Amino acid sequence: MTPHSTAAPAPRAQVDVPLVAGIYRQLLLALGEDPDRPGLKDTPERVAAWWSEFLDHEPGRTDTVFAQELTAGSDQLVVVRGITVWSLCEHHLMPMKLEITIGYRPAGQVLGLSKFARIVAAHAHQLQVQERIVDGVAADTGKATGSPDVGVVAEGEHLCMSMRGVKQGQARTLSYNLGGAFGGDSPLGTRLVMLAAPGGRA
C-alpha cells in the first residue's frame, strides 16, 4: 500500500468561452449535424458555459480547523466516507464517478467536515486521472490537518470503459494513498480500505 507518483498538471488559463463555443459549432458540423437546427441552436454556448463552470470551479476555503483536546490515552481516527464526485478522464474527455473515503489521525486539531468535500472538488474539477486525484486529496488533507497519518481511498466508475472499448459497465477501479500510520501493511490502512468498500465495516 504505497502512494502513487502521478505528476500534477501545470496551472491552466481560464476557459475561453467564445472560442470553445465556436469549436463546438465546428464539431457539430464535422459530425454531420446542423448547429442551426432548433435542438442544437444554442448547444455550443451551453457546452462552453459548462466547461467554464467545471474547469474554473472555485472550491472555497479548505483550511478551517478546530483545536482539539484529546482525552489522555486517546488514539482517535476520523473517517469521512461517501464523498461522491464527478471528474473528467484526461485521456478521452469522458466522465468518471468517484466515491472517496478519507481517514486521518488528528494531530491536535480537526478539519471542518465540509472542507473534505471542498478538497476533493478542487482536484476533481480538472482533466484528471483517478490516481492523481487520490494523491492530491491525500497531500492537501495532510497539509490542512497537520497530520502525517492520512489515508485516501477512491472507487471509480469510468465512462471511457463503460461506453467505449470493452464496454464493461460494472467494472470499478480502486486506488488509494496510505501514508504515515496508514502505510505499509498496517492494520489501520487495511481498516480504512475495508471501510471504503460498499457497505464496509471495520
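Modeller: Let's begin with pairing: two strands pair if DSSP finds at least two bridges between them. Strands themselves are DSSP runs of E with at least two residues, while helices are runs of H or I with at least four, and both are numbered from the N terminus. The model above is predicted, and local features need a pLDDT of at least 70, side-chain atom pairs count only at pLDDT 80 or more, and totals for chains, interfaces and linings use all residues. Residues are numbered from 1 along each chain as its sequence is written, and side-chain values use heavy atoms, leaving out hydrogens and water.

Colleague: Thanks! What do strand 2 and strand 3 form?

Modeller: They make a hairpin, with five residues between the two strands. Strand 2 covers 78–89 and strand 3 covers 95–104. The two run antiparallel and are joined by nine bridges. One pairing to find on screen is Ile-83 with its bridge partner Ile-100 in strand 3.

Colleague: Which residue in the turn has a positive phi?

Modeller: Most residues other than glycine have a negative phi. Here Leu-93 in the turn goes the other way, with a phi of about 55°. Leu-93 is partly exposed at 46% relative accessibility. For that scale, buried means under 20% relative accessible area, exposed means over 50%, and partly exposed lies in between (1.4 Å probe, protein chains only).

Colleague: How many bridges join strand 3 to strand 6?

Modeller: Nine, and these two strands also run antiparallel. Look for Ile-102, which stands opposite Val-152 in strand 6. Strand 3 is largely enclosed by the rest of the structure, because seven of its 10 residues are buried.

Colleague: How should I place those strands in the whole chain?

Modeller: Read the order of elements from the N terminus: α-α-β-β-β-β-α-β-α-β-α-β-α. That gives six helices and seven strands. Of the 202 residues, 40% are buried.

Colleague: Which residues touch the most other members of the largest nonpolar core?

Modeller: As a general idea, nonpolar side chains in soluble globular proteins tend to be buried together. A nonpolar core is a set of buried Ala, Val, Leu, Ile, Met, Phe, Trp, Tyr and Cys residues joined through side-chain atoms within 4.5 Å. In this chain the largest core has 23 residues, and Ile-100, Ile-102 and Val-152 touch the most other members. Among the elements that each supply at least two of its residues are strand 4 (109–111), helix 3 (113–124) and strand 6 (150–158). A second, separate core has eight residues, including Val-20, Ala-21, Ala-48 and Phe-54.

Colleague: What is Ile-102 in contact with?

Modeller: Contact means heavy atoms within 4.5 Å. Setting aside neighbours within four places in sequence, the contacts of Ile-102 include Ile-83, Phe-116, Val-137, Val-152 and Leu-192. Across the chain, 68% of the contacts with a separation of 6 or more are between residues 24 or more positions apart.

Colleague: Now a polar residue: is Gln-130 buried or exposed?

Modeller: Gln-130 is buried, with a relative accessible area of 1%. You will find Gln-130 in helix 4 (residues 130–145). Its side chain makes a polar contact of 2.9 Å with that of Ser-175. Such a contact is a pair of N or O atoms within 3.5 Å; within protein, one must be able to donate a hydrogen and the other to accept it, and residues adjacent in sequence count only if both atoms are side-chain atoms.

Colleague: How many salt bridges does the structure hold?

Modeller: Four. The test is a side-chain nitrogen of Lys or Arg within 4 Å of a carboxyl oxygen of Asp or Glu. One of them joins Arg-132 and Glu-90 at 2.6 Å, N to O. That pair links helix 4 with the loop between strand 2 and strand 3, 42 residues apart. Arg-132 is buried at 8% relative accessible area, whereas Glu-90 is partly exposed at 33%.

Colleague: Where do Glu-157 and Arg-172 lie?

Modeller: Their side chains form another salt bridge, at 3.7 Å, N to O. Glu-157 is in strand 6 and Arg-172 in the loop between helix 5 (159–162) and strand 7 (173–178), so the pair ties together parts 15 residues apart in sequence. Closer to the N terminus in our tour, Arg-25 and Asp-36 meet at 3.1 Å, N to O. Arg-25 belongs to helix 1 (residues 17–30), and Asp-36 sits in the loop between helix 1 and helix 2 (43–55).
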